[in-house]
Amino acid sequence: TVTKTWWKDATVYQIWPASYKDSNGDGVGDIPGIISTLDYVKDLGVDVIWLSPMFDSPQDDMGYDISNYEGIYPKYGTMNDMDNLIEETHKRGMKMILDLVINHTSSEHDWFKESRSSKTNPKRDWYIWRPPRIDENGNRQPPTNWVSHFSGSAWAYDELTGEYYMHLFAKSQPDLNWENPETREAIYKSAVKFWLDKGIDGFRIDVASMYSKTYPLVDAPITFTDREFQPCGQFFLNGPRIHEFHKEMYDKVTGNYDAMTVGEVCKGTREESLAYVSAKEKEMNMIFLFDVVQLGYGADDRYEYQGFNLVDFKKAVHDQCEFVSGTDAWSTVFIENHDQPRCITRFGNPSKKYHAKSGKLLAMLEAALTGTLFIYQGQEIGMTNIGRDWDISDYQDIDSTNYYKEFKERVGGDEQKLSKLMENLALVARDNARTPVQWDDSANGGFSTAKPWMRINDNYPEINAKSQINDPNSLLSFYKQVLKLRKAYKDLFIYGEFKVLDYENKNTFTFTKTQAGKTAYVVLNFTEEEQPFEQLADGKLDLLVTNADKLEETKLSPYEGRIYLLN
Ligand code: TEU
């Protein structure tokens, strides 16, 4: 029987179609390519596949700019391919959720083409249009000084009708006007119900806290004196009607299906975030919290990267696990996705010596944490960040390339500052997660028989699925082992009470998970040095899993982790 909360125990595998597997030799991943790997995904121990946008799109933001919610991007395949993928996924006892991108559409969407065609078009008010402001010199200015997430103004001037339209992301991603009930109805019908009726099992909801803007629209205070446009999240994050909108979408669509919904809720207090995912609110089932993956990012600028330390990491993991304590809410565990750098480079050690061992350390950490677990494509084989030798022309993402352009203008081509930015791009740019998946050591890593749309990581001969799949000591085999262990002890790992021990220790991360008198004891050495191992005083320790070849009574080897059951 399907329990209404099947999604709590689930392990989700995120597939980013462009870089996953190319079946027809055009250098771009596609849906038949995904279908050809479903046994590999199932064998990993995955319950749900999250497929990132495969809808028709000009691909300015890699599919997060949708021109037809009911169509498939031709390079990825056809609707028939999509129907096959859903069927083949279900045949293997797995479920599939899609990306729900409804804060904005592509400017190529028919709705926007109509809206921009004239001020009197019936769809004019489906987007957010405003007349120009004229400054003291008689020049035309955007309606407010808001900055876009992808650099530059959050407003674009449209010659045809002499007005600006709002775009919190790219110029080609105009924000939908959620104040308009007609627009909301069209979104529910075309983007949501259409796919639920095709058998999709839920959605990952893009920028789920941004739909309700604060009106009237006003300028943001000056945060950066050296920049023309300013951070403005206070005017669209967790806005005045956001919960009304989510409740309406739940009542009208998602609540009427056995559908899993996970919200990308950027930045909010615990109370603000809980309001989206407390079961009694009937909005969404669970939430991504960004404390862990945004450690060290500048407050308004990920490329002002400050680095981070293990104590900050422990606090972020603690807050993520404790988020649901004492509530009827649910949360998620993730340390990689399509917007984030690779976890071994970020939180482990990508060197030849410690690459696999630190990858296993992170796998043990994730397997023991509270919330629905999300693994990103390539994480299971230990794909790492791109090299420091990448030139800006190797970067494909609108976020990093727009930022580089704007930054270069701002610093007047200052070589030292540009070199520092290239260092930070190699550390935290979204491109790090978008290099082709490394299937084997053949040309292009087995991703494609053609030159891939994006440069492949030079380490694909050493790091690829084929070299690991039959190796019992590989990272891939270890992921399968710890995902099974997570299920076998779910009352401890998924639902158990989380307690950090030795909080201030900046080298090791030690914690317990407790439920009904049983305790799991997790000890993780995040350094290249040996660290002392403290045996918990009470009870006998049964070793459940470790990444070490041999265990020392009183010390942990570099990047060694252990999970014990306390009896
Ligand atoms: O991300 C929203 C978001 O806030 C991040 O993209 C962040 O702004 C960005 O990484 C710059 O630091 C979602 C999707 O995950 C992302 O891929 C899309 O680009 C974005 O929305 C627009 O749809």
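A polar contact is a pair of N or O atoms within 3.5 Å. That cut-off is used below for the ligand in this predicted model.

**The ligand and its surroundings**

The ligand sits in the largest pocket. Around the ligand there are 17 residues, and the closest are Asp 61, Arg 204, Asp 206, Asp 339 and Arg 430. By residue class, the shell around the ligand holds 9 charged, 5 nonpolar and 3 polar residues.

His 338 has a polar side-chain atom 2.9 Å from an oxygen atom of the ligand. Because a pair of N or O atoms within 3.5 Å is a polar contact, this pair at 2.9 Å is one. Arg 204 and Arg 302 also place polar side-chain atoms by ligand oxygen atoms. The three distances are set out here.

| Residue | Distance from a polar side-chain atom to an oxygen atom of the ligand |
|---|---|
| Arg 204 | 2.9 Å |
| Arg 302 | 3.0 Å |
| His 338 | 2.9 Å |

How much of the ligand does the protein bury? Taken alone, the ligand exposes 490 Å², and the protein buries 91% of that.

**The cavity**

Apart from the pocket, the structure has 1 cavity of 30 Å³ or more. The volume of the largest cavity is about 40 Å³. Its lining is made up of Gln 14, Trp 50, Phe 288, Phe 334, Glu 336, Asn 337, Phe 374, Ile 375 and Tyr 376. Of the residues in this lining, 6 are nonpolar, 2 are polar and 1 is charged.

Which element gives the most to the lining of the largest cavity? Strand 15, residues 372-376, does so, with 3 residues.

**Backbone features in two loops**

Most residues other than glycine have a negative phi, and most peptide bonds are trans. Two places in this structure depart from those patterns, one in phi and one in the peptide bond.

Met 62 is a residue other than glycine with a positive phi, near 50°. Met 62 is placed in the loop between strand 3 (55-56) and strand 4 (68-72). Asp 61, listed among the residues closest to the ligand, comes just before Met 62 in the numbering along the chain.

The peptide bond that joins Tyr 215 and Pro 216 is cis, with omega about -5°. Where is Pro 216 placed? Pro 216 is in the loop between strand 11 (202-205) and helix 6 (242-252). Strand 11, at residues 202-205, takes in the number of Arg 204, which has the 2.9 Å pair with the ligand described above.

Methods. This is a predicted model: local features need pLDDT of at least 70, side-chain atom pairs count only at pLDDT 80 or more; totals for chains, interfaces and linings use all residues. Side-chain values use heavy atoms; hydrogens and water are left out. On a 1 Å grid over the protein atoms alone, a cavity is a set of points where a 1.4 Å probe fits but cannot get out, and a pocket is an open set with protein on both sides within 12 Å along at least five of seven lines; lining residues have an atom within 4 Å of a point. Grid points are joined across faces, edges and corners, and a volume is the space filled by probe spheres set on the points. Helices (H or I, at least four residues) and strands (E, at least two) are DSSP runs, numbered from the N terminus. Ala, Val, Leu, Ile, Met, Phe, Trp, Tyr, Cys and Pro count as nonpolar, Asp, Glu, Lys and Arg as charged, and the others, Gly among them, as polar. A residue is near a molecule or strand if one of its heavy atoms lies within 4 Å of it. A polar contact is a pair of N or O atoms within 3.5 Å; within protein, one must be able to donate a hydrogen and the other to accept it, and residues adjacent in sequence count only if both atoms are side-chain atoms. Accessible areas come from the Shrake-Rupley method with a 1.4 Å probe; for residues, only the protein chains shown count as cover. A molecule sits in a cavity or pocket if more than half of its atoms lie within 2 Å of its grid points.
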